Amino acid sequence: MALLEVKNLHTHFFAEGSVVKAVDGVSFDVEPGETLAIVGESGSGKSVTAMSILRLIPNPPGEIVDGEIRFEGQDILEMTDEQVQDLRGNKIAMIFQEPMTSLNPVLTVGRQIAEPIELHRQAPLDKALEMAKVLLRKVHIAEHDKRVSSYPHQLSGGMRQRVMIAMGMACEPKLIIADEPTTALDVTVQAQLLELLKELTREGHSSLILITHDLGVVARYADRIVVMYAGRIVEQGTARDIFERPHHPYTIGLMNSIPKLDQDTKEKLIPIPGAPPDLANVPEGCAFNPRCEFAVEKCRQQRPTLEPVAVGHYKACWVDVRS
Amino acid sequence: MGRMSTAEPEKLVSVSNLSVHFPIHASGVVKRQIGVVKAVDGVTFDVFKGETLGMVGESGCGKSTTGLATLRLIEATGGSIHFEGRDISKLSRGKLRPIRQRMQMVYQDPYSSLNPRMKVRDIIGEPLTVHHLAGSKAEYRQRTDELLEIVGLHSYMGDRYPHEFSGGQRQRIGIARALAVNPSFIICDEPVSALDVSIQAQIINLMEDLQQEFGLSYLFVAHDLAVVQHISTRVAVMYLGKIVEIASRRDLYRNPSHPYTQALLEAVPVANPALEAERAHRIIEGEVPSPINPPSGCSFHPRCPMARAECKTVTPELKEIDSGHSVACHLFGG
């Protein structure tokens, strides 16, 4: 059984008489132990999807209007607030992009890591603080015995993100959701943290949902990929499927438009024309149709559904662009 | 390598031993100086006519400050800047003004670098007014229309305000403004890093086309190594205020010689799962140290897997190890 099943998720935001369909009918599974990357540009709905899983959507203006989110078979959307709180930081952990704003500035990092342990494991504070030290060592923070009493501002950006990871790992979660976990960090530090995250998820047999726009990161760390555009999934498959045999014109366009470190050519990049749509005003039919060179009349009228093109590989496109 | 002709290419910009040091003051009634941040510390490079010099490094390495100081948008504390054969580092504001027409800047953030209360036509046209380049209203209109078309926008868009444009379009406006005064040299400070992936290629292609059409030279400051590889003729790598390696694009990416350049290139994952599955990442420890209190000797030595005794005490000079390929590292002491 899949660890997480998201079915037909719709998360909308209501403002000034208009509806922003940030997530508009998204379905995917996460298997135990796998790393699933959700890829997309700003406004594609990837972060809102992640926030919806833990019911962290601010209401108002946001609301999950339809769908199911089953974790270990139980629908999170049907749970009481207490039940959801019992999941957060316990069986499902979230690691945010900005470690400076997501850590409490007036609590020592030890206290912050100890908090979920006290809460979910009913451990006394001194014991939880001992465990916090162990966790700091696990995320390779030097002098972890001392660092446990540091405040966030005394740490570098990379160390803060290590603290966030330690906090996420505190209760040995089954699922970790990392939303652009290294985007704000330098390249060398980014590599350190992603390797750490990979090592820890492997060790704990946890699943990881990695939300990113960086296709290099996806290629290195993802087992499977979900590609999102304008609140919908346009393609889904294994990492090899998506990079080597992309089927959706948007995925193909993305692959062609990025310069590649392993290809030293002066050939022109092939850009995707236009810009992503305003989510309050998504085009009829396929949301990508105004930017798509393959679009036919049907694409402008009917919204394509996600259909298999091979085992485990799906696309939402009316046109067979590979033949 | 990398350059087509065998003749010595013409230098457009020549920066020599450039330093930008910021004083640190103690807080209190009397502003006592207690230290100095060496944001840029003895940087030397040339930009040849028609080429793109890429400048890469992590945050705080001084790459943006180097760009700003080259245009004298912040004042250097030492060194010289030659532009089109003339030392501009000591020129007065008044004498600098006509030269500013020839050197322009494109900024990272197309949201905060455009005045939200000005119509796009006037944002683009302002440099024309400042430098008295448009004689009449009709001329002004004609030139701004032309600039909009050059960057792939429509002339009717000139009467709109910046908020009506997408990120990619705003960056086109920023480029049009830079082009208004017919520059020969443009410093691009992370021009695509705030843009969505699908939009970046549009702007990169535009910049390449404009370079061809107008014979522009670029100093392209960025942290994205793949983008820099794509657009650059030569590449300089900075670490804590110094250039640690500079070479042709090909040499730098195929034969990176400074341990820091090697570490950077190994740290970046490549958008190719088959390759990544086999590729070993040797990941360097630690983070970039504070420029307030940089390590002695080679400032990379605490993180360097190859560091030896002299690296801790002696600062390595930038030395040529191959034609057009220079490295600041004791391993190449010779």
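Where in chain B does B:Leu240 lie? In this predicted model, B:Leu240 is placed in the loop between β9 (234-239) and β10 (242-248) of chain B. Although B:Leu240 is not a glycine, its phi is positive, at about 45°, and with a relative accessible area of 8% the residue counts as buried, because the cut-off for that class is under 20%. Most residues other than glycine have a negative phi, and most peptide bonds are trans.

Chain A offers a counterpart in A:Glu172, which also has a positive phi, in this case of about 50°, without being a glycine. A:Glu172 is found in the loop between α7 (157-169) and β7 (175-179) of chain A, and there the side of the cut-off is the opposite one, since a relative accessible area of 66% makes A:Glu172 exposed. Another loop of chain A, the one between α1 (46-53) and β4 (62-71), holds A:Pro60 and A:Pro61. The peptide bond that joins A:Asn59 to A:Pro60 is cis, with omega at about -10°, and the bond from A:Pro60 to A:Pro61 is cis as well, with omega at about 5°.

From these loops one can turn to the strands of chain A, beginning with β3(A). Strand β3 of chain A spans residues 35-39, and 5 of its 5 residues are buried, so the strand is largely enclosed by the rest of the structure. The burial concerns both faces: A:Thr35, A:Ala37 and A:Val39 are buried on one side, and A:Leu36 and A:Ile38 are buried on the other. β3(A) runs parallel to strand β8 (residues 207-212) of chain A, to which 5 bridges join it, and within that pairing A:Leu36 has A:Ile209 as its bridge partner. β3(A) also pairs in the parallel sense with strand β9 (residues 224-229) of chain A, here over 4 bridges, and A:Ala37 stands opposite A:Ile225 in this second strand.

In chain B, an open sheet of 4 strands shows antiparallel pairing, in the order β2-β1-β4-β5. Its edges are formed by β2 (33-48) and β5 (86-87) of chain B, each of which pairs on one side only. Strand β1 (residues 11-25) of chain B is joined to β2(B) by 12 bridges in the antiparallel sense, and B:Val15 has B:Phe45 of β2(B) as its bridge partner.

The helices of chain B can be approached through α3(B), which covers residues 120-130 and whose buried residues include B:Val120, B:Ile123, B:Ile124 and B:Leu128, together with B:Arg121. The buried residues of α3(B) pack against α4 (137-150) and α5 (167-179) of chain B. A view of this packing from the other side is given by B:Leu147, which is placed in helix α4 of chain B and is buried, with a relative accessible area of 1%. Leaving aside neighbours within four places in sequence, B:Leu147 is in contact with B:Ile124, B:Ala176, B:Leu179 and B:Ala180. The C-alpha atoms of B:Leu147 and B:Ile175 are separated by 9.2 Å, while the two residues stand 28 residues apart along the chain. Just after α3(B), B:His132 takes a positive phi of about 50°.

The last part of the structure to consider is the interface, where 46 residues of chain B are in contact with 44 residues of chain A. The two chains bury about 3800 Å² between them, with 58% of that area on carbon and sulfur atoms. In chain B, the residues that lose the most area to chain A are B:Val197, B:Pro273 and B:Glu287, which together account for 16% of what that side buries. Across the interface there are 22 residue pairs in polar contact, and the side of chain B that touches chain A has 22 nonpolar, 12 polar and 12 charged residues. There are 2 salt bridges between the chains, and one of the ion pairs brings together the side chains of B:Asp209 and A:Lys268, at 2.4 Å from N to O. Among the elements that give two or more residues to this side of chain B are α6 (197-214) and α7 (225-231) of chain B, and α6(B) gives the most, with 9 residues.

Helix α7 of chain B also holds B:Gln229, which counts as buried because its relative accessibility is 3%. Residues up to four places away in sequence not being counted, B:Gln229 touches A:Lys260, A:Leu261, A:Gln263 and A:Asp264 from chain A, as well as B:Arg249 and B:Tyr253 from chain B.

Terms used: Residues numbered from 1 in each chain as written. Chains lettered and ligands numbered in written order. Predicted model: local features only at pLDDT ≥ 70, side-chain atom pairs only at ≥ 80, totals over all residues. Heavy atoms only, no water. Contact = heavy atoms within 4.5 Å. Buried area = accessible area lost by both parts, 1.4 Å probe. Salt bridge = Lys/Arg side-chain N within 4 Å of Asp/Glu carboxyl O. Polar contact = N/O pair within 3.5 Å; in protein donor to acceptor, adjacent residues only side chain to side chain. Nonpolar A, V, L, I, M, F, W, Y, C, P; charged D, E, K, R; others polar. Buried < 20%, exposed > 50% of the residue type's maximum accessible area, 1.4 Å probe, protein only. Pairing = 2+ DSSP bridges.
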